[in-house]
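Reader: Hey, I'm new to this one. Could you walk me through the empty spaces in it?
Author: Sure, let's get it on screen.

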Amino acid sequence: MRSFLYQRATDPGMAVQALSAAAAANNPMTQAAAQPLAGGTTLIDLMKLDVMRPAAIVDINPLAQGWSGIEPGGENLRLGALAKMSDVAAHADIQRQYPVIANSLKLAASAQLRNMATLGGNVMQRTRCSYFRDISYENCNKRNPGSGCAAMEGFNRMHAVLGTSDQCIATYPGDFAQALIALDAMVEITGKAGTRSMPFAQLHKAPASSPEIETTLRPGELISGFTVSGRWPRSVYLKVRDRQSYEFALSSAAIALDVRNGVIDDARVALGGVATVPWRAREAEALLKGQRFDDDLARRVADAAFAGASGRQHNSFKIALGKRVVARALQQAVTMEI
Ligand SMILES: Cc1cc2nc3c(=O)[nH]c(=O)nc-3n(C[C@H](O)[C@H](O)[C@H](O)COP(=O)(O)OP(=O)(O)OC[C@H]3O[C@@H](n4cnc5c(N)ncnc54)[C@H](O)[C@@H]3O)c2cc1C
Ligand code: SF4
């Protein structure tokens with residue numbers, strides 16, 4: 001392992017300053033010379049693999065007192081970026097009012113990881129593309145810009161079918177982000193100029209011609225929390241994977257519905273495991289609004305969700321699988337008792 005500087009930030013200003021000092025203006029956050037350290041469950045792994053090589057890590061855990069709140073009170077929900085995945089998943093009000101959040105977290109990783117890992121670190125985790133994580137492969141545009149992509153003609157069973165480019169087909173691997181996308185969440189960001197807020201849907205960038213730039217965070221910025229407006233008791237997260245625990249999604253769906261007198265008044269559909277970024281299926285949502293649910297509608301919605309999908313040699317099965325996941329998740333959401 002390479003040597004690096006370890007700094008412990010005792011207040012947000014100090015964290016931002018330490019990160020900004022090391023950040024080059026043209027360096028994407030995920031490759032910056034200084035990286036924030038939260039639970040460390042991904043960052044330290046990638047440093048051991050020599051994929052990430054920060055010269056400094058800035059431990060932000062001392063900020064937990066202010067940044068780990070779980071506040072479901074009133075009509076809005078606020079979650080601190082340093083809240084542990086396990087604490088949020090186990091919170092009774094989150095389970096009741098935002099089951100899609102609780103389940104996306106409960107179905108992620110393993111109990112040990114969830115006890116250690118934070119919400120901010122979870123949404124900032126990097127792809128599990130095996131060519132990205134193995135530096136013996138030179139061709140990875142995300143790790144080594146301009147070098148090509150070994151996955152295009154390689155073993156791409158886990159890769160994306162939506163939001164891909166001719167530069168990168170890596171899947172966004174997390175689960176929680178789909179719940180945030182489905183709930184129209186906002187992300188709070190702390191930087192040199194104070195705190196700003198933007199739709200969470202604007203945080204991740206599809207690969208296009210620069211797969212190494214994964215988020216819209218500016219140099220030195222940190223995620224400090226997430227907010228959701230309203231309550232979504234009729235919401236589900238359905239995840240299909242190769243084994244029942246400790247595994248990333250092959251395909252997942254986050255659904256949130258508002259059903260009044262049997263008619264769908266509002267609908268949110270987000271997809272995981274199949275796209276390069278947390279994916280909102282707006283065309284699919286439009287078909288649901290104002291309708292009564294039945295199997296035919298579920299099929300049409302699922303088809304619409306994957307209308308733009310294109311598979312490669314080993315991952316085309318995700319299109320048929322993903323449609324079934326959407327249809328089943330919708331059925332679960334419509335029939336759940338609230
Ligand atoms: C074997 C295994 C299986 C897994 N399975 C799943 C799964 O099924 N589903 C799933 O969703 N995840 C899964 N994970 C990923 C796991 O959930 C993440 O490792 C974890 O959520 C990361 O959180 P952390 O706090 O440990 O982040 P860290 O490792 O500390 O940080 C991760 C990245 O985020 C950056 N970062 C951390 N906090 C902030 C912040 N506040 N603002 C800006 N940047 C920040 C860090 O600099 C780093 O680049 C798995 C991991 C492993 C090892
Ligand atoms: S899919 Fe993306 S991350 Fe994987 S090898 Fe290709 S460029 Fe790298």
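**Pockets, cavities and a ligand**

Author: Let's begin with the second largest pocket: 18 residues line it, and those nearest its centre are Asp50, Val51, Met52, Arg53 and Arg143. Keep in mind that this is a predicted model.

Reader: Okay, what volume does the second largest pocket have?
Author: About 310 Å³.

Reader: And how many of its lining residues are charged?
Author: Six are charged, alongside eight nonpolar and four polar ones.

Reader: What about the largest pocket, what's its volume?
Author: The largest pocket comes to about 760 Å³. It has 41 lining residues, and the closest to its centre are Thr41, Thr42, Gly121, Asn122 and Gln125.

Reader: Which elements give two or more residues to that lining?
Author: Two strands and two helices do: β2 (34-37) and β8 (222-229), plus α2 (43-48) and α8 (119-123).

Reader: How does the lining of the largest pocket split by class?
Author: There are 21 nonpolar residues, twelve polar and eight charged.

Reader: Switching to closed spaces: how many cavities of 30 Å³ or more are there?
Author: A search of the whole structure turns up four.

Reader: How much space is in the largest cavity, then?
Author: About 190 Å³. Its lining is made of 22 residues, with Lys142, Tyr172, His204, Glu214 and Thr276 nearest the centre.

Reader: What classes are the residues lining the largest cavity?
Author: Eleven are nonpolar, seven polar and four charged.

Reader: You mentioned Glu214. Which side chain makes a polar contact with the side chain of Glu214?
Author: The side chain of Arg126 does, at 3.0 Å. So Glu214 turns up twice here: it is among the residues nearest the centre of the largest cavity, and its side chain contacts that of Arg126.

Reader: Where's Arg126 in the chain?
Author: Arg126 is in the loop between α8 and α9 (176-182).

Reader: Is Arg126 buried or exposed, and why?
Author: Arg126 counts as buried because its relative accessible area is 5%, and the cut-off for buried is under 20%.

Reader: Got one that isn't buried, to set beside it?
Author: Try Ala92, in helix α5 (residues 92-97). Its relative accessible area is 41%, so Ala92 is partly exposed; that label covers values between 20% and 50%.

Reader: How far apart are Ala92 and Trp279?
Author: In sequence they are 187 residues apart, and in space 27 Å, going from C-alpha to C-alpha. For Arg126 and Val325, the figures are 199 residues and 24 Å, again C-alpha to C-alpha.

Reader: Back to the cavities. Where does ligand 2 sit?
Author: Ligand 2 sits in the second largest cavity, which holds about 90 Å³ of space.

Reader: Which residues lie nearest the centre of that second largest cavity?
Author: Out of 17 lining residues, those are Cys129, Cys140, Cys149, Cys168 and Ala170. By class, the lining has ten nonpolar residues, six polar and one charged.

Reader: And which residues come nearest to ligand 2?
Author: Of the 15 around ligand 2, the nearest are Cys129, Cys140, Asn141, Cys149 and Cys168. The four cysteines named there, Cys129, Cys140, Cys149 and Cys168, also appear among those nearest the cavity's centre.

Reader: What about classes for the shell around ligand 2?
Author: That shell has ten nonpolar residues, four polar and one charged.

Technical notes. Residues are numbered from 1 along each chain as its sequence is written. Chains are lettered from A and ligands numbered from 1 in the order in which they are written. This is a predicted model: local features need pLDDT of at least 70, side-chain atom pairs count only at pLDDT 80 or more; totals for chains, interfaces and linings use all residues. Side-chain values use heavy atoms; hydrogens and water are left out. On a 1 Å grid over the protein atoms alone, a cavity is a set of points where a 1.4 Å probe fits but cannot get out, and a pocket is an open set with protein on both sides within 12 Å along at least five of seven lines; lining residues have an atom within 4 Å of a point. Grid points are joined across faces, edges and corners, and a volume is the space filled by probe spheres set on the points. Helices (H or I, at least four residues) and strands (E, at least two) are DSSP runs, numbered from the N terminus. Ala, Val, Leu, Ile, Met, Phe, Trp, Tyr, Cys and Pro count as nonpolar, Asp, Glu, Lys and Arg as charged, and the others, Gly among them, as polar. Buried means under 20% relative accessible area, exposed over 50%, partly exposed in between (1.4 Å probe, protein chains only). A polar contact is a pair of N or O atoms within 3.5 Å; within protein, one must be able to donate a hydrogen and the other to accept it, and residues adjacent in sequence count only if both atoms are side-chain atoms. A residue is near a molecule or strand if one of its heavy atoms lies within 4 Å of it. A molecule sits in a cavity or pocket if more than half of its atoms lie within 2 Å of its grid points.
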